[in-house]
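Biologist: I have the sequence and the coordinates open. Could we go through the fold together, starting from a single residue?

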Amino acid sequence: MFKTFQTYKLLFVRLILIIAAIEISIYFFKIDLIFTGVFGLFIVFLFIREMYFYVRNFVLLYDKTISSILQNDFTSDFTKHKFNRSYNDLFHLYDTLKNKQNEEVSKDIIYRSILNNIETGIIILQKHDSDWNIFLMNEYFSKQFNVPKVSKWKYLKNQLPSLCEIIEEDDFQEIKTSIEISINEQNKQTFVLQASRTEIFEKDYFIVLLDSIQNVVEKKEKDAWVNLMKVISHELLNSITPIRSICQNLQDLVEQDSLSAEDLEDIKNSVETMLRRSDHLQKFVEGYRKLAMLPSPKKEEIELQDLIDNCLQIMNPLFKENQIEVLSNIAFKRWINVDSQQVEQVLINLLTNCIYAVKNAELKQIIISAEAKENRIFIRISDSGNGIEKEIENKIFLPFFTTRNEGAGIGLTLSKNIIEAHGGYISFKTEEGRTVFEICLVE
């Protein structure tokens, strides 16, 4: 308990003084100096009393400090004792633990604030003996499911039996599934349930996350609409702004008393420009109509090789014109059930993009291959171009997004919609420096 040398030294000095005072008092009694001996014993009493209070205060202060540490109560103020070097180590320990607790409390407040602002329902359970207590329930979970912040699993089970039963059926083990929950006797909503179990410092925790599928879909739809409106507003302004400027110029010209040959030429050029911009807007609207009114696929049996050959035959003049080598590596015969006209359009769109991609490449090559596995047909089209820039990878399937001046920006979007209407998907990746578009069709 008494760790510092200073403490040992002070106690030793007090003991020496007490022993010396006793010896001196006994000596005075031996030489018949009774009153001096009594006075000496009185001095001994004072030394013993001072030593008692010194040790008592030290022990009380030590016990109070240790008790504060054990109870995580760091509100005590020991500044008036800090001048005493005997307590240096004790106060240093107290201050260190106090700073660590303040840091942990700050982190806990920040983490709880983050969890409470996440639009995902979160509950964390902590196992106590054979029962589970609710360690944390965020605000979103409480509000979304209209559940008070209870502390016991059994209380939560009374509020959300459908959720708790699924968790209990799996014996509080890892879960990833969808669940329908009715809130306040309203229509059922579908949620994605993810749960995991972990052990930290010999304490068992079970973490449950609930995401509303409706909220996820609405967010995706909102993002899609925002991106679409950006493209549409950009395209409309690019056409309307110059048309309005030209109209203003024409108004100034026709208000003149007479028109010169130069004025007539300006009018002619202005009208031609307006027609070009109007044609562009018309094509833009037609492209949107194609996306919005895509007919359902009329599927029929067709041989895969024949489908590819038809597309290559259509595109062959463009391949020759641009001196592009096309390799078809399809070594098997397979009949597929698709709308041949729509899938041909997809292949033509992809091959057209390949022509543009290899336009300035030293090696102008397009490779078409196919693979059949697990009741799926994979058609791959790769080119030797420079690939897709990282900055636009997440935009290439957006409606009306294009990097070409003459492009309408609907080719890949239309292709994606057609393949998805067939129950498949279209994706792209980079393999050995080549951009590869992959079409997956379910047989």
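Biologist: Is Ile-324 buried or exposed?

Modeller: This is a predicted model. In it, Ile-324 has a relative accessible area of 10%, so Ile-324 counts as buried, the limit being under 20%.

Biologist: Where in the chain is Ile-324 found?

Modeller: Ile-324 sits in the loop between helix H9 (304–321) and strand S7 (325–329).

Biologist: Which residues is Ile-324 in contact with, leaving aside neighbours within four places in sequence?

Modeller: The contacts are Phe-319, Ile-355, Val-358, Lys-364, Gln-365 and Ile-366. In addition, the C-alpha atoms of Ile-324 and Leu-363 are separated by 8.4 Å, with these positions 39 residues apart along the chain counted as their separation.

Biologist: In what order do the strands of the sheet with S7 come?

Modeller: The order is S7-S9-S10-S12-S11, an open sheet of 5 strands with mixed pairing. S7 and strand S11 (425–431) are the edge strands, each pairing on one side only. On average, neighbouring strands of this sheet are turned by 20 degrees against each other, direction ignored.

Biologist: How many bridges are there between S11 and S12?

Modeller: There are 7 bridges between S11 and strand S12 (residues 434–442), and the pairing is antiparallel. Ser-427, for instance, stands opposite Glu-438 in S12.

Biologist: Which strands does H9 lie across, and which does H10 lie across?

Modeller: H9 lies across S7, strand S9 (365–373) and strand S10 (376–383), and runs at about 175 degrees to S7. Helix H10 (residues 340–357) lies across S9, S10, S11 and S12, at about 25 degrees to S10.

Biologist: Which residues of the largest nonpolar core touch the most other members?

Modeller: Leu-347, Leu-351 and Ile-439 do, in a core of 36 residues. The elements that give two or more residues to this core are H9, strand S8 (335–338), H10, S9, S10, helix H11 (411–421) and S12. H10 gives the most, with 8 residues.

Biologist: And what is Leu-351 in contact with, leaving aside neighbours within four places in sequence?

Modeller: Leu-351 is in contact with Cys-311, Leu-312, Met-315, Phe-319, Ile-366, Ile-368 and Ile-381. There is also a second, separate core of 25 residues, which includes Met-137, Trp-153, Phe-172 and Leu-210.

Biologist: Let us turn to the other sheet. Which are the edge strands of the sheet S2-S1-S5-S4-S3?

Modeller: That open sheet of 5 strands is antiparallel, and its edge strands are strand S2 (131–137) and strand S3 (175–181). The twist from one strand to the next averages 30 degrees.

Biologist: How many bridges join S3 to S4, and how many join S4 to S5?

Modeller: S3 and strand S4 (residues 189–200) are joined by 7 bridges, and S4 and S5 by 10 bridges. Both pairs run antiparallel. Across the S3 and S4 pairing, Glu-180 has Thr-190 as its bridge partner, while Thr-177 has Leu-193. On the side of S5, Phe-191 stands opposite Ser-212.

Biologist: What is in the turn between S4 and S5?

Modeller: S4 and S5 form a hairpin with 2 residues between them, and Phe-201 in the turn has a positive phi of about 50 degrees.

Biologist: Which helix lies across S3, S4 and S5?

Modeller: Helix H6 (residues 161–169) does, running at about 155 degrees to S3; the range of S5 is 203–212.

Biologist: A change of topic: how many disulfides are found in the whole structure?

Modeller: The search finds 0 disulfides. As for individual cysteines, Cys-164 is buried because its relative accessibility is 0%, and Cys-354 is buried because its value is 2%.

Biologist: How far does H2 reach from its first C-alpha to its last?

Modeller: Helix H2 (residues 34–70) has 37 residues and reaches 53 Å, close to the 54 Å expected at 1.5 Å a residue. Its buried residues include Gly-37, Val-44, Tyr-54, Phe-58 and Leu-61.

Biologist: Finally, how many helices and strands are there in the chain?

Modeller: There are 11 helices and 12 strands. Of the 443 residues of the chain, 34% count as buried. Of the contacts with a separation of 6 or more, 56% are between residues 24 or more positions apart.

Terms used
Residues numbered from 1 in each chain as written. Predicted model: local features only at pLDDT ≥ 70, side-chain atom pairs only at ≥ 80, totals over all residues. Heavy atoms only, no water. Helix = DSSP H or I, 4+ residues; strand = E, 2+ residues; numbered from the N terminus. Buried < 20%, exposed > 50% of the residue type's maximum accessible area, 1.4 Å probe, protein only. Contact = heavy atoms within 4.5 Å. Pairing = 2+ DSSP bridges. Axes fitted to C-alpha atoms, helices over the stretch in contact; angles between N-to-C directions. Expected span 1.5 Å × (residues − 1). Core = buried A, V, L, I, M, F, W, Y, C linked by side-chain atoms within 4.5 Å. Disulfide = S-S within 2.5 Å.
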